[in-house]
Amino acid sequence: MTELTVFQQKFSALCGDIELRFNESMAKHTSFRIGGPAEIMAFPKTRDQLAKLLKTSALLDCPFAILGAGTNVLAPDEGMSGLVICLKDALSGLERLDETRIRVMGGITMARAAVFAAGLGLSGMEFAHGIPGTVGGGVYMNAGAYGGELSDIIESVEVMDFSGNIRCLKCSEMDFSYRHSRLEEEGGIVISADFVLIPKAEEEIRSLMKELQTKRTASQPLDLPSAGSAFKRPVGGYAAALIDQAGLKGFRVGGAAISEKHAGFAVNLGGATAADVQQLLQQVSDRVYETSGIRIEPEVRIW
Ligand SMILES: Cc1cc2nc3c(=O)[nH]c(=O)nc-3n(C[C@H](O)[C@H](O)[C@H](O)COP(=O)(O)OP(=O)(O)OC[C@H]3O[C@@H](n4cnc5c(N)ncnc54)[C@H](O)[C@@H]3O)c2cc1C
């Protein structure tokens, strides 16, 4: 038995009935379809299971990472040592709290949350319907689109710290800004979020979601694996426009390329490695800096 197998068995023995997979390909769990194996991947169904995973990691001195739907992550080719805690579809549940508020668990996709709200005749989440990540991942980086961002509609967030303790933070305490929350510096896991919405006719809500989806399909390369916008919006411009002006549409490194359809997207044309994507992002950032004097930074989280 290898050292890794012994470690995996030890971890498993301490985790009881929590679903674990060993040497699970990260490419299967990221929208880029890139990434080597995670030594251990866990799918906790409850907050107790999540806390148990954190305690086991601490006990065994095992590094861990939190994964939602993997739509904003570039996972390394060599794989992930330690534990990846996968929350999509694991930490799930949606409930109406009162006339205007809903509570959504961190592992629910934003699409599902938006459809749930629409079904209740509650407006405000339409912009998030087409963002393919989970509510947890969305809160972590204050996801947004078409003029809206999650911080506009969040009332509070339930956060578990890495010792397993849970606290409730008001929206004003989350330090939200463009694609940022305090969790990026402090750490912490989004267990659930409460949203305050506005009553509206369901048809109007569904019609806006459909209109925004049509816009997305027309402008974004949704047929190719990607992580959405590869770069953050810089002060004084738009990354896609700057990349286009630098003549980089279609620019390629290995199997990774800047989309011909939308210059803000880095896409996997087939067989791209994480190293290809990282080099592509670096070279694009450098070329944009040379042509515009503006430095663009990756939006995708490079693990
Ligand atoms: C085709 C496409 C279109 C996109 N369009 C948009 C868009 O319009 N607007 C936009 O903002 N983004 C967009 N994205 C990017 C992505 O969907 C969002 O950033 C989303 O919020 C990521 O959520 P996720 O669950 O996939 O997180 P992941 O990619 O799994 O993780 C991203 C980060 O969040 C952390 N994280 C995940 N879950 C939790 C949790 N429960 N608690 C704490 N931390 C957590 C991870 O550790 C990681 O650091 C797009 C992506 C794609 C592929």
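This is a short tour of the structure, stop by stop, with something to select each time.

**Before you start**

The model is predicted, so local features need pLDDT of at least 70 and side-chain atom pairs count only at pLDDT 80 or more, while totals for chains, interfaces and linings use all residues. Residues are numbered from 1 along each chain as its sequence is written. Helices (H or I, at least four residues) and strands (E, at least two) are DSSP runs, numbered from the N terminus.

**Stop 1: helix 8**

Select residues 274-292, which form helix 8. At 1.5 Å a residue, its 19 residues should span 27 Å (1.5 Å times one less than the number of residues); the end C-alpha atoms are 27 Å apart, which agrees.

Now colour Ala-274, Asp-276, Val-277, Leu-280, Leu-281, Val-284, Ser-285 and Val-288, the buried residues of helix 8. A residue is buried if 20 or more other C-beta atoms lie within 10 Å of its own, exposed if 12 or fewer, and partly exposed in between, with C-beta atoms placed from the backbone. Look down the axis of helix 8: the buried residues fall within an arc of 160° (taken from the directions from the helix axis to the C-beta atoms), so they line one face. An α-helix has 3.6 residues a turn, so residues three or four places apart point the same way.

Gln-282 and Glu-290, on the other side of helix 8, are exposed. What covers the buried residues? Among the covering elements are helix 7 (239-245) and strand 18 (265-268). Finish at Gly-293, just after helix 8, which takes a positive phi of about 80°.

**Stop 2: the four-stranded sheet**

Show strands 15, 18, 17 and 16, in that order: they make an open sheet with antiparallel pairing. Two strands pair if DSSP finds at least two bridges between them. Strand 15 (226-229) and strand 16 stand at the edges with a single partner strand each, so one side of each has no neighbour in the sheet. For a close look, pick Ser-229, which stands opposite Phe-265 in strand 18.

**Stop 3: the five-stranded sheet**

Another open sheet, also antiparallel, has five strands in the order 6-7-13-11-12. Its edges are strand 6 (94-96) and strand 12 (166-170), each with a single partner strand, so one side of each is left without a neighbour in the sheet. Select strand 11 (residues 154-160) and strand 13 (residues 189-196), which pair over six bridges. Here Ile-154 has Phe-195 in strand 13 as its bridge partner.

Stay in strand 13 and click on Val-190. Is this residue buried or exposed? Val-190 counts as buried, because it has 28 C-beta neighbours inside 10 Å. The residues that Val-190 touches include Gly-106, Tyr-140 and Val-157, where touching is contact between C-beta atoms, placed from the backbone, that lie within 7 Å.

**Stop 4: the nonpolar core**

A nonpolar core is a set of buried Ala, Val, Leu, Ile, Met, Phe, Trp, Tyr and Cys residues joined through C-beta atoms within 7 Å. The largest one has 87 residues, and those touching the most other members include Ala-42, Ile-85 and Val-277. Helix 8 gives the most to this core, with six residues. Centre on Ile-85 and find its contacts, among them Pro-44, Leu-53 and Phe-64.

**Last stop: two positive phi values**

Asn-23, in strand 1 (residues 19-25), has a positive phi of about 50° although it is not a glycine. Asp-175 sits in the loop between strand 12 and helix 5 (183-186), and its phi is near 55°.

Note on methods
Contact = placed C-beta atoms within 7 Å.
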